[in-house]
Amino acid sequence: MPLGLGRRKKAPPLVENEEAEPGRGGLGVGEPGPLGGGGAGGPQMGLPPPPPALRPRLVFHTQLAHGSPTGRIEGFTNVKELYGKIAEAFRLPAAEVMFCTLNTHKVDMDKLLGGQIGLEDFIFAHIKGQRKEVEVFKSEEALGLTITDNGAGYAFIKRIKEGSVIDHIQLISVGDMIEAINGQSLLGCRHYEVARLLKELPRGRTFTLKLTEPRKAFDMISVRSGGGRPGSGPQLGTGRGTLRLRSRGPATVEDVPSAFEEKAIEKVDDLLESYMGIRDTELAATMVELGKDKRNPDELAEALDERLGDFAFPDEFVFDVWGAIGDAKVGRF
């Protein structure tokens, strides 16, 4: 067995189809949650924000998704600062911002703002709406939830699998933030921590979810959506370039990702869902960046251990990531 992989710690899959994502969900802010998590680039502390002089001087237009005048925001370098700027523009507490979508006011998980924003993208901010408490009987191991997080301490439902336990509960919808499970607060937790808790709930028992749904405009109050399918829509904006938000270091303006990078990120994100029960395109992008120049799976394993070691990725997952990156390189989509 290759030396690097032979020393790796192994972790069983957290969930079957209960995932966590930032969207490109899952943007890290470098702050540990109540269960010991951290930023999207790995559960570890990030560096302090760069001085204003080093931040890209870009202006984005934004509205509240349920309806508002148009605001202008600039001078942010990570998702937490972005939410702060939006809150400032609309005179809201920053904690009211749940997540953002690009170029649509609807709760469209294919347009979820993640680690990159097109330079011509319009940002819609979804804020807290009605709170609700729901009892769920766990009749099966997999609840059918896909979970993501907003990179600033809120985990929410990205997708509901058709025919699943959750699909039969009409009060639970895509976009709902999971505030607590059985009274245990999840504010500040990362997606994979919430996925772990859901997986560990005993089958054959009832548990309680405390949820907050995004505030809706009149034209959004309709039949509940099951959420987008993986890869069913563009993950990035339509602008000619993108602003990449990072959990450590300054935001950078980059060209739109190549076809190889987009496909590799999509395939790695699918693997995160399959093995870990999470979806996190920023994490997937980091893994592709770490792996695209590596010569073999052992080198990839060492790079992942060094940068993302706290995730404890299983060896078979690392091999599959290596294969996915290789397939994308040669055009095997």
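This is a tour of selections to make in a predicted model, with what each one shows.

Residues are numbered from 1 along each chain as its sequence is written, and side-chain values use heavy atoms, with hydrogens and water left out. Because the model is predicted, local features need pLDDT of at least 70 and side-chain atom pairs count only at pLDDT 80 or more, while totals for chains, interfaces and linings use all residues.

**Cysteines**

Select Cys100 and Cys189. Cys100 is buried, at a relative accessible area of 1%, and Cys189 is buried at 2%. Buried means under 20% relative accessible area, exposed means over 50%, and partly exposed lies in between, with a 1.4 Å probe and protein chains only. The structure holds 0 disulfides, a disulfide being a pair of cysteine sulfur atoms within 2.5 Å.

**Ser164**

Go next to Ser164, in the loop between strand 8 (155-160) and strand 9 (177-181). Strands (E, at least two residues) and helices (H or I, at least four) are DSSP runs, numbered from the N terminus. Ser164 has 6% relative accessibility and therefore counts as buried. Its side chain reaches the backbone oxygen of Lys161 at 2.6 Å. Add Leu143 and Gly144 to the selection: Ser164 is in contact with both, leaving aside its neighbours within four places in sequence. Contact means heavy atoms within 4.5 Å.

**Helix 3**

Select residues 191-200, which form helix 3; 7 of its 10 residues are buried, and the helix is mostly covered. The buried residues are His191, Tyr192, Glu193, Val194, Ala195, Leu197 and Leu198.

**Salt bridges**

The count of salt bridges comes to 9, where a salt bridge is a side-chain nitrogen of Lys or Arg within 4 Å of a carboxyl oxygen of Asp or Glu. Select Lys132, Asp176, Glu213 and Lys216, which are linked in a network of salt bridges. Within this group, Lys216 pairs with Glu213, the closest N and O atoms being 3.8 Å apart. Lys216 is partly exposed at 31% relative accessible area, whereas Glu213 is buried at 17%.

**Helix 4 and helix 5**

Move to Glu266, which forms a salt bridge with Lys263, with 3.3 Å between the closest N and O atoms. The two residues are 3 apart in helix 4 (residues 259-276), so about one helical turn separates them. Glu266 is partly exposed, with a relative accessible area of 27%.

Now add helix 5 (residues 281-291), which packs against helix 4 at an angle of about 120 degrees, with the axes 8 Å apart. Axes are lines fitted to C-alpha atoms, for helices over the stretch in contact, and angles run from 0 to 180 degrees between N-to-C directions. To see the residues that meet, select Phe260, Ala264, Ile265, Val268, Asp269 and Leu272 in helix 4, together with Thr281, Leu283, Ala284, Ala285, Met287 and Val288 in helix 5.

**Glu299**

The last stop is Glu299, in helix 6 (residues 297-308). Which residue forms a salt bridge with Glu299? The partner is Arg295, the closest N and O atoms being 2.5 Å apart. The side chains of Glu299 and Arg295 are also joined by a polar contact of 2.5 Å. A polar contact is a pair of N or O atoms within 3.5 Å; within protein, one must be able to donate a hydrogen and the other to accept it, and residues adjacent in sequence count only if both atoms are side-chain atoms. Arg295 is exposed at 69% relative accessibility, while Glu299 is buried at 19%. Finally, select Trp322: its C-alpha atom is 9.9 Å from that of Glu299, and the two residues are 23 apart along the chain.
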